[in-house]
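Biologist: I should like to learn how to read helix packing and aromatic contacts in a model. Could we begin with the terms?

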Amino acid sequence: MAAISAGEFERIFKELYKPLCLFALRFTEKTEDAEDVVQQAFADVWDKNSHNVVIANFKSYLYQAVRNRSLTLIAQSSDTLQATECIADMEDLSEEEQIYQSERDARLWAAIDELPAERKKIFLLSKRDGLKYQEIAEELHISIKTVENQIGKALKTLRETAVRIYCFFFS
């Protein structure tokens with residue numbers, strides 16, 4: 001198998017970037033760290049490709065590279081207890097299950113992206129950022145009841161689009 005073209009690499013990047021970020025986020029728990037890990041993994045793959053190093057399965061290679069880089073990052077962090085718990089949780093899953101979960105996460109984020117702007121903002125402040133309804137209401141200068149209604153509507157919309165909300169948001 002020969003080196004891939006820039007166009008093919010871009011297609012792979014667009015297809016796998018978000019799922020890989022979500023995969024890395026399970027380890028790093030910080031969006032910025034997850035994005036850095038994924039970008040570095042893609043840069044390394046491009047470098048290998050430029051030097052005609054053949055990678056038989058880009059998807060598997062990238063998931064493994066992101067996993068390894070994420071584990072290295074958290075091992076270097078001062079919060080080793082959290083890292084140990086995260087590693088233990090992820091090691092219970094096979095690579096195929098990890099990929100499936102990452103793809104499911106990508107579908108979830110796609111559905112969240114389809115929410116109306118204000119509803120999406122309220123939903124993410126609650127579920128992603130962990131703010132209480134009162135804190136969201138104060139930050140956005142709206143009533144607590146509006147926050148409750150918007151989150152309820154967001155959850156209903158996500159259920160209707162057959163996206164299951166699971167422990168990713170509620171852990």
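Modeller: A residue is called buried when its relative accessible area is under 20%. The model shown here is predicted. In helix 7 (residues 133-140), the buried residues are Ile 136, Ala 137 and Leu 140.

Biologist: Which side of helix 7 do they occupy?

Modeller: An α-helix has 3.6 residues a turn, so residues three or four places apart point the same way. Here the three buried residues lie on the same side of helix 7, because they cover an arc of only 100° around the axis. The buried residues of helix 7 pack against helix 6 (117-127) and helix 8 (144-160). His 141, with a positive phi near 60°, follows helix 7.

Biologist: At what angle do helix 1 and helix 2 pack?

Modeller: Two packed helices are described by the angle between their axes and the distance between the axes. For helix 1 (residues 6-28) and helix 2 (residues 31-50), the angle is about 145° and the axes are 8 Å apart. Their crossing is right-handed. By class, their contact has 16 nonpolar, three polar and two charged residues.

Biologist: How many aromatic pairs does the structure hold?

Modeller: There are six aromatic pairs in the structure. One of them, Phe 13 with Phe 42, is edge-to-face, at 4.8 Å centre to centre and 65° between the planes. This pair links helix 1 to helix 2, its members being 29 residues apart in the chain.

Biologist: Is Phe 42 buried or exposed?

Modeller: Phe 42 is buried, because its relative accessible area is 3%, whereas Phe 13, at 30%, counts as partly exposed. Both belong to one aromatic cluster with Phe 9, Tyr 17 and Trp 46.

Notes. Residues numbered from 1 in each chain as written. Predicted model: local features only at pLDDT ≥ 70, side-chain atom pairs only at ≥ 80, totals over all residues. Heavy atoms only, no water. Axes fitted to C-alpha atoms, helices over the stretch in contact; angles between N-to-C directions. Helix = DSSP H or I, 4+ residues; strand = E, 2+ residues; numbered from the N terminus. Left-handed = near helix turned anticlockwise from the far one by under 90°. Nonpolar A, V, L, I, M, F, W, Y, C, P; charged D, E, K, R; others polar. Buried < 20%, exposed > 50% of the residue type's maximum accessible area, 1.4 Å probe, protein only. Arc of directions from axis to C-beta. Contact = heavy atoms within 4.5 Å. Phe/Tyr/Trp six-rings, centres within 6.5 Å; stacked < 30°, edge-to-face > 60°.
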